[in-house]
Amino acid sequence: MSQAATHEQIPPRDKVAASPPAFFSCRNLHAYYGESYIVQGVSFDIREGQILALLGRNGAGKTSTLRTIARTGSPELKQGEIWLDHKAIHSMRSHEAACNGIALVPEDRRIIPGLTVEENLQLAQIAEPVGWSIERIYDLFPRLGERRAQEGITLSGGEQQMLAIGRALARDLKLLLLDEPYEGLAPVIVQEIEKTLQEVRELGITTIIVEQNAIAALKLADRALILDMGEVVYEGAAQDVLDNKDIREEYLAV
């Protein structure tokens, strides 16, 4: 996916916009795993309450872009700016970004072994700022309420995905980052998660979804951003991608 690059290939910082007005903005992101140049000048905006489908073939840089936004430190952001609700996120570490409203739900969901469903949710609220109450999360996900005393890692794949999203909502959430929420789930469970994400959308939560099931993500999203080799090759309305077979075949192979 990536190619080696020297830092001189990166545009100078004075070309990066300052404090963009959108609710969420990335400006000229360049990120590396060691010497491997992964995220190559990615820029985009999201309005509050929108859902963005971040798409591309395997190895296009989608997960790396999510991880860069969440300030995980891997890949390492070398250049560019990240703004959320008028706050500069690019200078923060992952725990600071989380405290400022960014929640990454990774592909492996990271359910904590040895803890029940409720204990996983309680742990998310151990420090301020706190988001939804646990009972409100159970209202959104009744199945979690039924299994509140069950160890989290013994849940089904779909239930673990609900728990991972619920854990994000337990914080003061401004931007939800979902990495492959349908991965490894049976079609009937995918439909259930789709319903869950529709409910999240109706709540007005700003969301970025990375998903290999491009059609499902596009049906849910307001806008689409397509990456290829770490660069933005398309940005526009999600419906336009659904309606344009040529774009899907060229960049998504669907």
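Thr65 touches Val39, Val42, Phe44, Leu54 and Leu227, leaving aside residues up to four places away in sequence. Keep in mind that you're looking at a predicted model. Where does Thr65 lie? It's part of helix H1, which covers residues 62–69. And is Thr65 buried or exposed? Its relative accessibility is 1%, and buried means under 20%, so Thr65 counts as buried.

**Following Leu54 into the sheet**

One of the residues that Thr65 touches is Leu54, so let's go there next. Leu54 is among the buried residues of strand S4, a strand that runs over residues 51–55. How many of the 5 residues of S4 are buried? The count is 5 of 5, so you can call the strand mostly covered. Both of its faces are covered: Ile51, Ala53 and Leu55 are buried on one side, while Leu52 and Leu54 are buried on the other.

Strands of a sheet pair through backbone hydrogen bonds, and the pairing can be parallel or antiparallel. S4 is joined to strand S9 and to strand S10, and Leu54 has a partner in each, as the table shows.

| Strand joined to S4 | Residues | Bridges | Direction | Residue paired with Leu54 |
|---|---|---|---|---|
| S9 | 206–210 | 4 bridges | parallel | Val210 |
| S10 | 223–228 | 4 bridges | parallel | Leu225 |

**The whole sheet**

Now zoom out. S4 belongs to an open sheet of 6 strands, and if you walk across it the order is S7-S8-S9-S4-S10-S11, with mixed pairing. Why is one side of S7 and of S11 left without a neighbour in the sheet? These strands stand at the edges and each has a single partner strand, so one side stays free of a sheet neighbour; S11 itself spans residues 231–237. From one strand to the next, the twist averages 15°.

Elsewhere in the sheet, S8 and S9 are paired in the parallel sense, with 5 bridges between them. Leu175 has Thr206 of S9 as its bridge partner.

Helix H1, the home of Thr65, packs on this sheet and touches S4, S7, S8, S9 and S10. The direction of H1 makes about 150° with that of S8. Helix H6 packs on the sheet too, touching S7 and S8, and its direction makes about 170° with that of S7.

**A closer look at H6**

H6 has 13 residues, numbered 157–169. What distance does H6 reach from its first C-alpha to its last? The answer is 19 Å, close to the 18 Å expected at 1.5 Å a residue.

Of those 13 residues, 12 are buried, so H6 is largely enclosed by the rest of the structure. Among the buried ones are Glu159, Gln160, Gln161 and Arg167, along with Met162, Leu163 and Ile165. What covers the buried residues of H6? The cover includes strands S7 (102–105) and S8 (175–179), plus helices H3 (117–124), H4 (134–140), H5 (142–146) and H7 (187–202).

**Over to Glu250**

Last stop: Glu250, which has its place in helix H10, residues 245–252. With 47% relative accessibility, Glu250 counts as partly exposed, because the cut-off for exposed is over 50% and the one for buried is under 20%. The side chain of Glu250 makes a polar contact of 3.4 Å with the side chain of Tyr251. Pro75 is another story: Glu250 and Pro75 are 175 residues apart along the chain, and their C-alpha atoms are separated by 27 Å.

Conventions: Residues are numbered from 1 along each chain as its sequence is written. This is a predicted model: local features need pLDDT of at least 70, side-chain atom pairs count only at pLDDT 80 or more; totals for chains, interfaces and linings use all residues. Side-chain values use heavy atoms; hydrogens and water are left out. Buried means under 20% relative accessible area, exposed over 50%, partly exposed in between (1.4 Å probe, protein chains only). Helices (H or I, at least four residues) and strands (E, at least two) are DSSP runs, numbered from the N terminus. Two strands pair if DSSP finds at least two bridges between them. The expected span of a helix is 1.5 Å times one less than its number of residues. Contact means heavy atoms within 4.5 Å. A polar contact is a pair of N or O atoms within 3.5 Å; within protein, one must be able to donate a hydrogen and the other to accept it, and residues adjacent in sequence count only if both atoms are side-chain atoms. Axes are lines fitted to C-alpha atoms, for helices over the stretch in contact, and angles run from 0 to 180 degrees between N-to-C directions.
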